[in-house]
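Ready for a little practice in reading a protein model? Take the exercises below one at a time, and try each task before you look at its solution.

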Amino acid sequence: MKLYSKPAVTLPMERMSASGRFVHSYLITGDAGAGKKTCADYIAMQLLCSDKNGSAPCGSCRECSRVQKHIHPDYIIVEKSKKSFSIEDVRAVVEDSYTAPNDCDRKVYLFADCDGWSDAAQNATLKITEDPPDSAYFIFTGQSENTFLPTLRSRSMLMAVGNPSADECAKALSELLPDHSTDELLSAAKSTGGNIGRAMALIQGDEELINETSLARDIVDSLARGDEYRTAVLLSKAAKTREGLRRVLCAVSYEVRDSAVTRTVTPVEGEKLSRLGTGRLLRMYDALSAAQSRCLLNCNADALCSALCAQLYS
């Protein structure tokens, strides 16, 4: 298994592997497509590998192979009984965690995509994260650390998974999708802010992602032109769901961020975001980032878009 630009996961895991002592609870945060589940697999391999290459899992032994195929009896991917993990789901894991592992000396539980789970369900994990069974380890993933209660965060190792640079993303894509041109890979990497999972989906023709990327480019175009009315219309179009809106705003923020840093961006019909000035771009980026965070909360998407549009043109 190869992790691309994930030092927040690989470095602490390698240090713990070298010492032979691992923490029992991990919180992995990052955007959809950033590789949170791949990082979870890597942690499970660190804990279960039977033939380590120094401080890293070998990736090829029987244990590593079964982890990567998600068929290892001691790597339990917890299923949701509802839209999000319920208190009953968590209690079932708590009970099972006190039973002995099947094939290894350890067992690992993955709670993937925890966004939206209740405080009651999280509180049910406190017993096993504060005083876990010696053989049990727990991995939780979510888009933001605010997904998790402070009590759970304080009992876990937080690993924030970021995206690599567009060039690093394109290099990774060239290994994962060797049949595509360098220009196509780099364009997808730039459009998704280096998010490898989303870039792969874009190249492979994910219709929803293609539409969101096109909408984000139209919003960037309207910002470059200073067309506040068109920006408002496009934001309203993106606001069908909070998650869809968040993804579009994320794509727009990538363009604004890159333009603020380099003071140049690919022209859109002759316009350049960099003409707005670095200070204005940074304020726009802050507004877009704050709006993305609010999309994760129970907010009104239309009201959020109206407030954001006013901020972008203030």
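The exercises that follow deal with one helix and two cavities in this predicted model.

**Exercise 1.** Work out how the reach of helix α2 compares with the span expected for a helix.

*Solution.* Start with the residues: α2 runs over 36-48 and has 13 residues. Next, take its reach from the first C-alpha to the last, which is 18 Å. Finally, set this beside the expected value at 1.5 Å a residue: the reach is close to the 18 Å expected.

**Exercise 2.** Decide whether α2 is mostly covered or not, and name its buried residues.

*Solution.* Recall the cut-off: a residue is buried if its relative accessible area is under 20%. By that test, eleven of the 13 residues in α2 are buried, and the helix is mostly covered. They are K36, C39, A40, D41, Y42, I43, A44, M45, Q46, L47 and L48.

**Exercise 3.** Describe the largest cavity by its volume, its lining and the helix that gives the most to that lining.

*Solution.* The whole structure holds three cavities of 30 Å³ or more. The largest has a volume of about 50 Å³. Its lining consists of D31, A32, N195, R198, R246, R247, C250 and Y254. Sorted by type, these are three nonpolar, one polar and four charged residues. Helix α13 (residues 242-262) gives the most, with four residues.

**Exercise 4.** Do likewise for the second largest cavity.

*Solution.* Its volume is about 40 Å³. The lining is made of S191, T192, R198, L209, T213, R247, C250, A251 and Y254. Here the split is four nonpolar, three polar and two charged. Both α11 (207-225) and α13 supply at least two residues, and α13 has the largest share, four residues.

Notes:
Residues numbered from 1 in each chain as written. Predicted model: local features only at pLDDT ≥ 70, side-chain atom pairs only at ≥ 80, totals over all residues. Heavy atoms only, no water. Expected span 1.5 Å × (residues − 1). Buried < 20%, exposed > 50% of the residue type's maximum accessible area, 1.4 Å probe, protein only. 1 Å grid on protein atoms, 1.4 Å probe; cavity = no way out; pocket = protein on both sides within 12 Å on 5 of 7 lines; lining within 4 Å. Points joined across faces, edges and corners; volume = space filled by probe spheres on them. Nonpolar A, V, L, I, M, F, W, Y, C, P; charged D, E, K, R; others polar.
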